Amino acid sequence: MKRLKPLNDFVFKKLFGENQDKELLIGFLNAVLKNDVEDLYIVEEKLGKEKIDDKQGILDIKAICYSGEKINIEVQLANEYNMKERTLFYWSKLFTEDFKAAEKYSDLNKTITINILGFNYLDNIESFHSSYKIYEDETKQLLTDLLEIHFIEMPKFNAMEADLHNPLHRWLLFLREDTVKQPNLEEVFILDQLVAKAEDKLRRLSADEETIRMYQLREKFIADQKTQIEGARNDGMHEKAIEIAKSLLKIPSMSIQDVANHTGLPLPKVKEIEREVR
């Protein structure tokens, strides 16, 4: 039996997005937030084929703590180069979605967003786990705790040596795709009963025919999404290189070969551009 990838967002939602197994989500959240989330309610939704093929590609988990806090967890494996803007947009929707006109602003509840990324995104941050709030620039005084955003970058975690005594490290070891390179995974299960329970659930999901079918559909969607994004990015880079070439060709001392070297464009393409600008 092949172990399904826990970070396939369909599988992740099946693992952590069901109230019958909400202790798994509570355990994971306590490891991420370093809080004591005692209880919560998961807003469940039916995962039909139309959701799997959703062009927005969003299979997130929304939970509401009995303290009133709202938490949204999303797995994003394809870098769409808009994660910051996307995060703020969906955070704001969750923050205000239940607010009525007659209510007081003080009734708004703290809203936390957790993004688990399958790519490196924050270039200036070495840590795999980053947490953001709103602070004053100079004094670093917290304005409000109503906003909290977390990024977990799996490639950064995978590149480091895991600490089995760290609860978050144990969960992320479970979420890794390649278990062959994890000789300590069995030790994780011994140390952490909740992670072991999550692995048992994953094994049951990995043996379920309908789950496998939906998983494969989602894997295809994710692969197609990555291909489209990379293609669009390459097209954009190509167009930018052409614009740079046009500017360079207007410089009398710049040879066609020099322009090709600077832009990475093939020599015939540079000659074609030269005929347009000279």
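Here is a walk through the sheet of this predicted model and the helix that packs on it. Local features need pLDDT of at least 70, side-chain atom pairs count only at pLDDT 80 or more, and totals for chains, interfaces and linings use all residues. Residues are numbered from 1 along each chain as its sequence is written, and side-chain values use heavy atoms, with hydrogens and water left out.

Start with the overall layout: 6 strands (DSSP runs of E, at least two residues, numbered from the N terminus) form an open sheet in the order β1-β2-β3-β4-β6-β5, with mixed pairing. Two strands count as paired if DSSP finds at least two bridges between them. β1 (40-43) and β5 sit at the edges with a single partner strand each, so one side of each has no neighbour in the sheet. On average, neighbouring strands are turned by 20° against each other, direction ignored (axes are lines fitted to C-alpha atoms, for helices over the stretch in contact, and angles run from 0 to 180 degrees between N-to-C directions).

Now look at β6 (residues 142-153), which runs parallel to β4 (residues 111-117), joined by 7 bridges. Ile116 has Ile152 as its bridge partner there. β5 (residues 129-135) pairs with β6 the antiparallel way, over 6 bridges, and Tyr135 stands opposite Leu142. The hairpin of β5 and β6 has 6 residues between the strands, and Lys140 takes a positive phi near 60° in it.

Further along, β2 (residues 61-65) and β3 (residues 70-76) are antiparallel, with 4 bridges; Ile61 stands opposite Ile73. Helix α4 (residues 83-96; helices are H or I runs of at least four residues) packs on the sheet, touching β2, β3, β4 and β6, where contact means heavy atoms within 4.5 Å. The direction of α4 makes about 130° with that of β6.
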